[in-house]
Amino acid sequence: MRRNNIDITFIILVLLLAGNSIRSGAFSDPREWILDKILLLPAIVIGLSMHEFAHAAVAYKLGDNTPKLQGRVTINPMAHIDWVGLVALFFCGFGWGQPVQINPYNFKNRRRDELLVAVAGVAMNLVIAALFTVVAKLVFAATGPAWLSGTTLGSGIWEILIYIVQINIVLMIFNLIPVPPLDGFNIIANIFGFAQTETYWRIYRYGNWILVAIIIFGVTGYVISPCVQFFMSIFWNIML
């Protein structure tokens, strides 16, 4: 997810989701919870940072040097991680990275290039998921199921690889939801040509509240879960 600043709507959402996690017993075993989050950390860092890097690199390639001047055309996670968003992702499964700022007036074909920049992030998540599926397959072939499931090191490595694939799929699907400030909204806006209209900004103005509402009422779950299961089934067939 990409966002411009820490908005009260997101603070409310994070608190609500964190409360739900506590009530559901997610922190009943702190040791297990901490271990799980340590294994999850590489997936989150790779997914968020590469997503934002893709936005920056494509914008720069298309003629906008704003991301370059701001030090965003790099795979260094420190340039892309929003620490509040990272903590939120750990505690309630909802988070964000630092948004890449662009100046669309630097593009030769504004509508086309803004579309390409918007698509770049989700496309990168798909590429990362596919790449680590191949890595997981190679590891599985080289070590075998006995080592991966029967040893602490093997199971840890396998879980990290699965998390990387899964988190990148989740980020891809989530960001494709056509609600501002997600990439899906900008993709739809540029495809249908209303990105620079009053309608765009009217919807964008209330986008945070719309997004909070659909998350709280579980609408995103109905969209994300089936899509994630679909892609994971494909990648599982490749891995094993």
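In this predicted model, R205 and E198 are paired through a salt bridge, with 3.9 Å between their closest N and O atoms. That distance sits inside the limit of 4 Å used to call a salt bridge. E198 has a relative accessible area of 47%, so this residue is classed as partly exposed. The pair is one of 3 salt bridges found in a search of the whole structure.

Another of these contacts links R112 to D113, and here the closest N and O atoms are 2.7 Å apart. The two partners make a nice contrast in burial: D113 counts as buried because its relative accessibility is 0%, whereas R112, at 43%, is partly exposed. A further salt bridge brings together the side chains of E114 and R110, at 3.0 Å from N to O. Both of these residues belong to helix 5, where a spacing of 4 residues places them about one turn of the helix apart. E114 has a relative accessibility of 15% and therefore counts as buried, the cut-off for that class being under 20%. R110 is partly exposed, with a relative accessible area of 25%.

Helix 5 is a handy point from which to view the rest of the fold. The chain contains 11 helices and 0 strands, so a reader scrolling through the model from the N terminus will meet one α element after another. Of the 240 residues in the chain, 45% are buried. Helix 5 covers residues 110-143 and packs against helix 2, residues 30-61, with the two axes 8 Å apart and an angle of about 135 degrees between them. This angle makes helix 2 oblique to helix 5, since only angles over 145 degrees would count as roughly antiparallel. The crossing of helix 2 and helix 5 is right-handed.

Helix 5 also packs against helix 11, again with axes 8 Å apart, but here at an angle of about 30 degrees. Helix 5 is therefore roughly parallel to helix 11, the cut-off for that description being under 35 degrees. This crossing, too, is right-handed.

Within helix 5 lies N125, a residue that is buried because its relative accessible area is 0%. The C-alpha atom of N125 is 9.1 Å from that of I46, although 79 residues separate the two along the chain.

Helix 11 leads on to the surface of the model. A nonpolar patch there is formed by I216, F217, V219, Y222 and V223, which together offer about 550 Å² of accessible area. Helix 11, spanning residues 219-239, is the main contributor, giving 3 residues to the patch. I216 comes instead from helix 10, which runs over residues 207-216. With 41% relative accessibility, I216 counts as partly exposed, because the exposed class is kept for values over 50%.

One last feature concerns the backbone. Most peptide bonds are trans, yet the bond joining P180 and P181 is cis, with omega at about 10 degrees. P181 is placed in the loop between helix 7 (152-175) and helix 8 (183-191), which makes this cis bond easy to find when browsing the model.

Terms used: Residues numbered from 1 in each chain as written. Predicted model: local features only at pLDDT ≥ 70, side-chain atom pairs only at ≥ 80, totals over all residues. Heavy atoms only, no water. Patch = residues over 30% accessible without salt bridge, like charges linked within 9 Å, V, L, I, M, F, W, Y side chains within 5 Å. Areas by Shrake-Rupley, 256 points an atom, 1.4 Å probe, with all protein chains shown as cover. Helix = DSSP H or I, 4+ residues; strand = E, 2+ residues; numbered from the N terminus. Buried < 20%, exposed > 50% of the residue type's maximum accessible area, 1.4 Å probe, protein only. Axes fitted to C-alpha atoms, helices over the stretch in contact; angles between N-to-C directions. Parallel < 35°, antiparallel > 145°, perpendicular 65-115°, else oblique. Left-handed = near helix turned anticlockwise from the far one by under 90°.
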